[in-house]
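Subject: Structure for you to look at, with notes

Dear colleague,

I am handing over the structure that I have been going through, and my notes follow below it. Please keep it open beside the text as you read.

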Amino acid sequence: MNEKKYWAPAIEKAHYILNLIAREPHKLRLMDLSARLGINKSSMFTLLATLEELEWIGKREDGTYALGSTLGHLGSAYLGQYDLAARFREEAAKSRDLLNETIQLAKLDGGSVLYLEKVEAPSRVRLVSEPGMRFPAHATALGKALLAGESEEAWLTRLGEEPFEVLTPNTITQRGTLSAHLREVKAHGYSTEEQEAVMGFCCTAAPVLGPDGKAIAAVSASLPLHKWQDGKEKSIVEIKRLAQRLSLSEAAIDKE
């Protein structure tokens, strides 16, 4: 554990305890927590008793623990003050400066993605997408990052019957092709789109997760075609990091 000036070791230990209990609710007893975290039984007993008294955790009759009501109230208060658009503008500016590319935020709206915010890189070429505009979800990296979090039945209901709308010669129009693509997106935690929505532009995107681990929005980086081969991998890494910074869930982990 960290050794820092002005550091409260008991709070740090409580932090690790709460995170472990959050990952494995109703599975861990005092002995399990003590062994897993390397905290002696006496100290662990005191910490757990205090957390239980404050209702940060709750204890079952079998001696296992889960998160308590106090954390629920604090979580609700946090969400109440959370402004995704403002956070996006702050964090996306860092990604824009690193990549020198335009960064966008969008959410699903029926079978389309609705663009919410955009942090634009200086360029003589402007993207056609602006906040308030909609594009078919199946044709955009943003849309595919979001559709991948839904069941096939759910996204088919959104998109309607195939063939799906054609925007360019590269647009995916068939259910089978899109289904296979979305499985890859879900497995790797990001999506790509190569001139499927607009000729001359490619994109990478990743989902922003809510507290329940489900996608609430997605972020993307748009690259002109001539920069795609050299900039693709760097863009994927950074856009996943941006999505993680904006997410409210521990499920937002970096998938290889």
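In what follows, two residues are said to be in contact when they have heavy atoms within 4.5 Å. Please bear in mind throughout that this is a predicted model.

With that cut-off, and leaving aside its neighbours within four places in sequence, Ser34 is in contact with Ile39, Asn40, Lys41 and Met44. Ser34 belongs to helix 2, which runs over residues 30–37, and because its relative accessibility is 10%, Ser34 counts as buried.

Helix 2 also takes part in a salt bridge, since the side chains of Glu24 and Arg36 meet at 2.4 Å, N to O. This pair links distant parts of the chain, with Glu24 in the loop between helix 1 (9–23) and helix 2, and Arg36 in helix 2, 12 residues apart. Both partners are partly exposed, Glu24 at 22% relative accessibility and Arg36 with a relative accessible area of 47%.

As a general point, side chains of opposite charge can pair when their charged atoms come close. The structure holds 13 salt bridges, and a few others deserve a mention. Glu117 forms one with Arg89, where the closest N and O atoms are 3.0 Å apart; here too the pair links distant parts of the chain, Glu117 lying in strand 4 (residues 112–119) and Arg89 in helix 5 (residues 84–99), 28 residues apart. Arg89 is partly exposed, with a relative accessible area of 40%.

Glu150 and Arg158 likewise meet through their side chains in a salt bridge of 2.9 Å, N to O, and the relative accessible area is 24% for Glu150 and 30% for Arg158, which leaves each of them partly exposed. Elsewhere, salt bridges that share partners join Arg87, Glu91, Lys94, Glu238 and Arg245 into one network.

The last element on my list is helix 7 (residues 152–159), in which Trp155, Leu156 and Leu159 are buried. Why do these residues lie on the same side of helix 7? They cover an arc of only 105 degrees around the axis, and therefore share one side of the helix. In an α-helix there are 3.6 residues a turn, so residues three or four places apart point the same way. On the other side of helix 7, Glu153 and Thr157 are exposed, whereas the cover over its buried residues includes helix 6 (141–147) and helix 8 (175–188). After helix 7 comes Gly160, which has a positive phi near 85 degrees.

With best wishes

Definitions and conventions. Residues numbered from 1 in each chain as written. Predicted model: local features only at pLDDT ≥ 70, side-chain atom pairs only at ≥ 80, totals over all residues. Heavy atoms only, no water. Helix = DSSP H or I, 4+ residues; strand = E, 2+ residues; numbered from the N terminus. Buried < 20%, exposed > 50% of the residue type's maximum accessible area, 1.4 Å probe, protein only. Salt bridge = Lys/Arg side-chain N within 4 Å of Asp/Glu carboxyl O. Arc of directions from axis to C-beta.
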